[in-house]
Amino acid sequence: MLSVVTACLSACVAAGQTANQDLVIRNATVMTASHGTLQNGSVWVHDGKIAGVGASVDAPATAVVVDATGKYLTPGIIDPHSHSALGNDVNEATSPVTPSMMMIDAFDNRDAALYDALAGGVTTELLLHGSANVIGGQAVVIKNKFGLSRDAMIFPNAPQSIKFASGENPKRVYGSRNQLPSTRMGNFEIMRQSFEDAKVYMAGWDAYNAKVAKGDKSAVAPKVDLKLEALANVLRGKLYVQIHCYRADELLTEEAIAKEYGYKIRAFHHGLEMYKVAGQIAPTGTALATFSDWWGYKDEAWDAIPWNAVMSMRAGVRVALKSDSNDHIRRLNQEAGKMVHYGGATEDEAIRMVTLNPAWIIGVDDRTGSIDVGKDADLVIWNVDPLSTYARAEKVYIDGDLFFDMAAPGFGTPHFSGVMHGAPGEGSEDGDGD
Amino acid sequence: MHNHFRTASIALAALALLACGQLSAQSGAKKSGTIAITGGKLLTVSHGTIENGVLILSDGKIAAVGEAGKVTVPSDATIVDARGLTVYPGLIDPDTALGLMEVGSDPYTSDLSEPSDEIMPHMHVYDAFHAETELIPVARLNGVTNAVVAPAEEDSIAGQDIFIQLAGRDRDAMILGRDIALSMNFGSDQRRHGSQFPSTRMGLITQLRQSLLDAQHYEATRDAAMKKPEKADNKSADKSGDKDGDKSFQRDLKLEALLPYLHGQRPVVVGVYEGYDVESFMKVAQEFHLKVILNHVTRTQEILDEIAAWKVPVIVGPIYDLPRPNERYDAVYTLPAELAKRGVKIAICSGEAGGPGGAHAVRNLPYSAGFAVAYGLPYDEALKAITLNVAEMYGFGDTLGSLDVGKTANVVLANGDPLDVRTDVKQVYIEGVAQPMVSRQTRLRDEYGK
C-alpha cells in the first residue's frame, strides 16, 4: 500500500495531475482507429476513461491541458503476440500438450522489455506460451503500467487465451528427441486425441452434475484434472484459441479440426501463407496476427511476402501486426507504416492493425484499441505521423495515467524507479527459429 | 502442394527471364543506352538536393546531373519522367550475408562461417557467394544496389569479404571486389565454451596476437626463401610456385592471407559490441598497425570520445540492438547521432535484433537510417551512412555512393522519402539498366492476388 502511495505521489508531480483529475489533450491530429482522423482534435479523459473526443470537448475548467499542436494522438499500441517478461519460461517443452500452464506464473513485472515496449507506445500485450507444444499454455493479458505492482498490471477481466502450435516447431522439438510428434501428421493427431480425452472427461463431469442436479447425494465428483479441464474449456468455448501456424494447408487443417470438435479459433499467429487461402479463412471469422515483412528464417517462412497482411485484409480477414520480439515490439507503429508501402493500406487501416484489431484478437476491443467515448484512456502522443520512420512516442497514457514521458529525466517513467530485470535478449520465440 | 507450387514458381521465373532475354544470375546483363531522368527531386548525397533535376545515364555511368534547363538532354535519350519522384544513388549495405544463406534455419543452404578454428583469414567469401540467391531481388526492390558480404561472427578472424553489385549475368559480374576486407570479431561470442582453448577474452587476444606474429614471421621466412638461388637438385619443387627463389618453400595460405592487412593495405572490420572489448581490441590493432573499421559498437556509450579520437570509421548498429536493462530505451537509437556529432565517419547496416537479420532484412536498410534520424542524426548524414560513406570505407568512393558525373549509374526512383517506411521504390537502375521490379515474392503475390 505504501509503495502504491509513493508511486502515485511521484506520478502526480511528473504528470502535473492527480489520478482523479481530468485531462484534456488538445489540438492533436487524432487517429481514432474506429472513425477516422480528426485534425485539431481534442480528447477529454475523465476517471481513466475517454469522456469526449472531437473538435471541442466539454471538459471542466479544472482539467489539466496538454497542448499537442503539431502532434499526433493514437490509441495505445497493442501487441497480440509477445513473450516479453517471461524470463526463460516461455516453453514448458517437456510434453507436447501442456494446456494448464499459466503464463502469469512466469510474469516478471520489472522486466526491462516492458519498459522498452512502453517507450514505443505499447499499452497492452498478450503474453503467450511458446510454440514448442502442439497445445501450449494459457496466456496473460497485461496493461503496460510499468512501475506498478504485478497485480496492477494484469488487464482486469480480459478473456483467457490459450496457445496452440503447428508446423515445424513442435515437430522439431519432439522429433529431435525421437518422440511424437516428429511430423505434421503427429502434430494434428495429438490435437485430435487430446480433444477425444477431453470429451470423456467432460462426459464424466456432465454425468456427475446431472446426478447432483437430481439431488443424488451419493454422487462422487470426478477428479479435477487441470490438463483435461483446460482442454474441456476449449471445447466449452471458454478459451480464446490462438494458433501458431504458418502454411496454407495447416491453416485449413486447423479450421477443419476446430469445426470437427466445435470450437472457434480466435486468431492465427504468423500465418505467413494466409494470402494463399484468405478467401477460405475469412468466412470462419478467424483473425490473423502476422509479421509485417519477416521471411525466410525457416522453411515454413519461405513463401512469406510482405503483402500478406493487406491481401488477407482485402479478402475479409481481420488482420493485426504483432511483434513476437522484444525488438519489434518497440516499433510496431513503423511495422504498420510498412503496410502503406506493401499493398497500399490506408492510414486508418494501418493504424487499426496495431490497435483495434489486436484488441479484438485479445478480446478487449470493447475496452481499448480506439479513441471512443467510454473506452479506457490508453493513448499515445507522437511527435509526427506514427506511421513514419521518424515517429517517437512522446507521452504514453494508460487508463488516463501518464506512464511514459520522453521529456522526463532518467527513464522517463513517472511510476518506475529502481532496478529493472532481464538481460538484453531477443525475446523472439518463433522468428529466429528457436 | 507446397513443394509443387515452388517448382511451378521457379519454372515461371525461368520463363519470365527467358521472355526478357535476361537469363542471368541477377538480370541486368544488357548495357544501357542513354536515359534521361527528368523532373525528379535529386538527392545527390555529395552536393545537396536538386528540386527539379535532370540525370543523364549513359553507357552504365552517370553522364550528367543538374538542374532542369542547365543539363542538355541528348536527342537519342530515352526520357524517364520522374516528376513527383525522388531520385537517389543506390543504397549500399555495409554488412550482409547475401548469397551466403537462403533458408535461415537450414544449414545446408548456408555457408556463413567455418567454426573449426578461431583464426580463418583464408576463408574467401567469393568461394561461397551464391549469385542466384532469391534474397538479392528482394533487397534490390527496396533500392539496395550494392553490399558488403561478410561471414558470420563466430570466429576471431572469420574470413575475407566481398563487395557486390545486386545485378549481373553471373557471380563474376556481380563481385566488384574480392578480399576487400578482413572480417574480425572480438567479444564473448567467439570463445569456445567448456574445456577448449580459448575460453576467455584473454585466450582470444593472445591467440590473435600470436597469429599476427606468426604471419609476420612467415613473411620474413618466405621473403628470405624467395631470395635464395634455386638449388639445381630440387626437381620435386612445385612447378606452379614462384619463378624465382626456393621452389620447395611451402606456402601457408592461412598466414599469407593476413599479410595485406598487416601492411595496412586493406581494412579489417571488427565486429565488437562492448566498450571494454573495443578498448582491448584497439590495443592489438594499434600494435600491428591494422587499418580498422569498427562494426556494431552498440554498447560503447561510455567511450564515444575515445572512438572519435582513434579516427576510425564505424559501422554502427544494428540500430535495433536492445539496450541493457536499466539503460534508457534510446541508448542505442541515439548512437549514430552521437558518433556523427563527434566527427566519426559512420555507416549504418540493416540487421535486426531478434529477427532474421543479415540477409533477409537487407531491404530494411533505409529504415534503419531513418530511425537514426528520428533520434538525432542529421538527414544528410543518414543518407550518406548508407551510400557514400560505405563506398568510401571500402574503396569504392570514386565509382559509387552519389549522383556524380562519371560514377556508376546505380540510381533509385521512389515515390517519396527513401528513408520512410511508407515509401514505394518505383524503379532501380544498376549500371544504367532498369532492373525488372520482380522477386520471388512479387511473383507469389501476383499468382495468388489474381
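Two strands are taken to pair where DSSP finds at least two bridges between them. With that in hand, the sheets of chain A in this predicted model can be walked through one by one.

A convenient place to start is the open sheet of three strands in chain A, ordered 6-7-9 and mixed in its pairing. Strand 6 (77-82) and strand 9 (140-143) of chain A each have a single partner strand, so each of these edge strands has one side without a neighbour in the sheet. From one strand to the next, the twist averages 15 degrees. Strand 6 and strand 7 (residues 122-127) of chain A run parallel and are joined by four bridges; A:Ile77 has A:Val122 of strand 7 as its bridge partner.

Chain A also holds an open sheet of six strands, again with mixed pairing, in the order 8-10-11-12-13-14. Its edges are strand 8 (135-138) and strand 14 (319-321) of chain A, each pairing on one side only. Direction ignored, neighbouring strands here are turned by 25 degrees against each other on average. At one end of the order, strand 13 (residues 287-290) and strand 14 of chain A run parallel, with three bridges between them. Here A:Leu288 is matched with A:Val319 of strand 14 as its bridge partner.

As for confidence, the model scores ipTM 0.93 and pTM 0.92. Chain B has a mean pLDDT of 90, with 88% of its residues at 70 or more. Residues 1-23 of chain B, however, have pLDDT below 50, and the model gives this stretch 16 contacts beyond near neighbours in sequence. Residues 236-241 of chain B likewise stay under 50, with four contacts beyond four places in sequence. Where pLDDT is low, predicted coordinates should not be read in detail.

Conventions: Residues numbered from 1 in each chain as written. Chains lettered and ligands numbered in written order. Predicted model: local features only at pLDDT ≥ 70, side-chain atom pairs only at ≥ 80, totals over all residues. pLDDT = per-residue confidence, 0-100. Contact = placed C-beta atoms within 7 Å. Helix = DSSP H or I, 4+ residues; strand = E, 2+ residues; numbered from the N terminus. Axes fitted to C-alpha atoms, helices over the stretch in contact; angles between N-to-C directions.
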